[in-house]
Amino acid sequence: MVDDDLWALIEPLLPPWPEKSPGPRPVPDRLCLQGILYILYNDIAWQLLPLELGFGSGQTCWRRLDRWQQAGVFDQLHRILLAELNAAGELDWSRACVDGSHIRAKKGGADTGLSPVDRRKTGSKHHLICDGRGTPLKVITTAANVNDVTQTLALVDGIPPVAGRPGRPRRRPDSLLGDKGYDSNPARRELRKRRILPVISRKGAPNIKGLGKLRYVVEQTLALLHQFKRLAVRWERRTELHDAFLSLACSLICWRRLKKPHP
């Protein structure tokens, strides 16, 4: 079921239907959203979505996902929820953490490649940046053979402007924590230009003391994302549809945190 309070945030973001469109009345948006969530949580094929659930056919829900992604609904929802967390003082801007995680891409498609960690099977990679408490700020999907370091600046620059506090919306953490996969002097220079302190281990040197303990939140959040079964394996050939599920999952993680604030 879609929580009434969450639906109240989502409904105004949805593109309206034409008043006098020909043919039967479309399945209500709220039911289609429940169908999309069912797929996200359970990872069944669209055509196997049970009609008796009352969410419409899998094809209807798929079309609605496509329509809403094109309208930017899920990214807007994620941004609104980040602003609410920021207003509640629940975002930790003192540091952000980055990491990547491989997933199998069963049907190939855009942004897939041979996975270096999965016997060279076709895969993708989720690159995540989260705040110091693990709240997801931005996720990027690439081919599995893309190195983490290449996405550092794209992740930092991809953080949306987060309102919720007096003054200009915030989009820069004070520091960025990364493991040796992010070791790059050009990236460090670019981070400093953005007034972000790089705290990144160097290859061939001991890990920065205490870094692992601070960075565990990003690994934890990647694990949370992959608890949504549709994200643990990639089935969508089109990256933008896979990313629609990613944004929706990020929004749901933010929503849970809003409902259960940290002590």
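Helices in this description are DSSP runs of at least four residues, numbered from the N terminus. The model is a predicted one, and a good place to start reading it is helix H7, which covers residues 211-227 and includes Thr221. With a relative accessible area of 1%, Thr221 is buried, since buried means under 20%. Beyond its neighbours within four places in sequence, Thr221 touches Leu128, Gly134, Pro136 and Arg257.

A second buried residue can be followed from strand E1, which spans residues 96-105 and contains Asp99. The relative accessible area of Asp99 is 9%, so this residue is buried as well. Its side chain forms a polar contact of 3.3 Å with the side chain of Arg215. When neighbours within four places in sequence are set aside, the contacts of Asp99 include His126, His127 and Leu128. Asp148, Asp179 and Tyr182 are also among them, as are Arg215, Val218, Glu219 and Leu222. Leu128 is thus a contact of Asp99 and also of Thr221.

Attention turns next to helix H9. The relation of two packed helices is described by the angle between their axes and the distance between the axes. Helix H3 (residues 58-70) packs against helix H9 (residues 239-259) at about 90 degrees, and their axes are 10 Å apart. H3 and H9 are therefore roughly perpendicular to each other. On the H3 side the contact involves Trp62, Leu65, Asp66 and Gln69, which meet Glu240, Leu241, Ala244 and Phe245 of H9. Sorted by class, this contact of H3 with H9 holds five nonpolar residues, one polar residue and two charged residues.

Helix H2 (residues 29-42) also packs against H9, again at an angle of about 90 degrees, with an axis separation of 11 Å. This pair, H2 and H9, is therefore roughly perpendicular too. From H2, the residues taking part are Ile36, Leu37, Ile39, Leu40 and Tyr41, and from H9 they are Phe245, Leu248, Ala249, Leu252 and Arg256. The contact of H2 with H9 comprises nine nonpolar residues, one charged residue and no polar ones. Phe245 of H9 appears in the contact with H3 and in the contact with H2.

The surroundings and length of H9 can be considered together. Of its 21 residues, 17 are buried, so H9 is largely enclosed by the rest of the structure. At 1.5 Å a residue, H9 should span 30 Å, and this agrees with the 30 Å between its end C-alpha atoms.

Other residues lie further toward the solvent-accessible side of the scale. Lys193 belongs to helix H6 (residues 185-193) and is exposed, with a relative accessible area of 64%. The side chain of Lys193 is joined to that of Glu190 by a polar contact of 3.1 Å. Arg195 sits in the loop between H6 and strand E6 (197-200), and it counts as exposed at 76% relative accessibility. The phi angle of Arg195 is near 60 degrees, a positive value in a residue other than glycine.

Asp111 also has a positive phi, near 55 degrees, and is likewise a residue other than glycine. This residue is placed in the loop between E1 and strand E2 (113-114). Asp111 has a relative accessibility of 37% and so counts as partly exposed.

Terms used. Residues numbered from 1 in each chain as written. Predicted model: local features only at pLDDT ≥ 70, side-chain atom pairs only at ≥ 80, totals over all residues. Heavy atoms only, no water. Helix = DSSP H or I, 4+ residues; strand = E, 2+ residues; numbered from the N terminus. Buried < 20%, exposed > 50% of the residue type's maximum accessible area, 1.4 Å probe, protein only. Polar contact = N/O pair within 3.5 Å; in protein donor to acceptor, adjacent residues only side chain to side chain. Axes fitted to C-alpha atoms, helices over the stretch in contact; angles between N-to-C directions. Parallel < 35°, antiparallel > 145°, perpendicular 65-115°, else oblique. Contact = heavy atoms within 4.5 Å. Nonpolar A, V, L, I, M, F, W, Y, C, P; charged D, E, K, R; others polar. Expected span 1.5 Å × (residues − 1).
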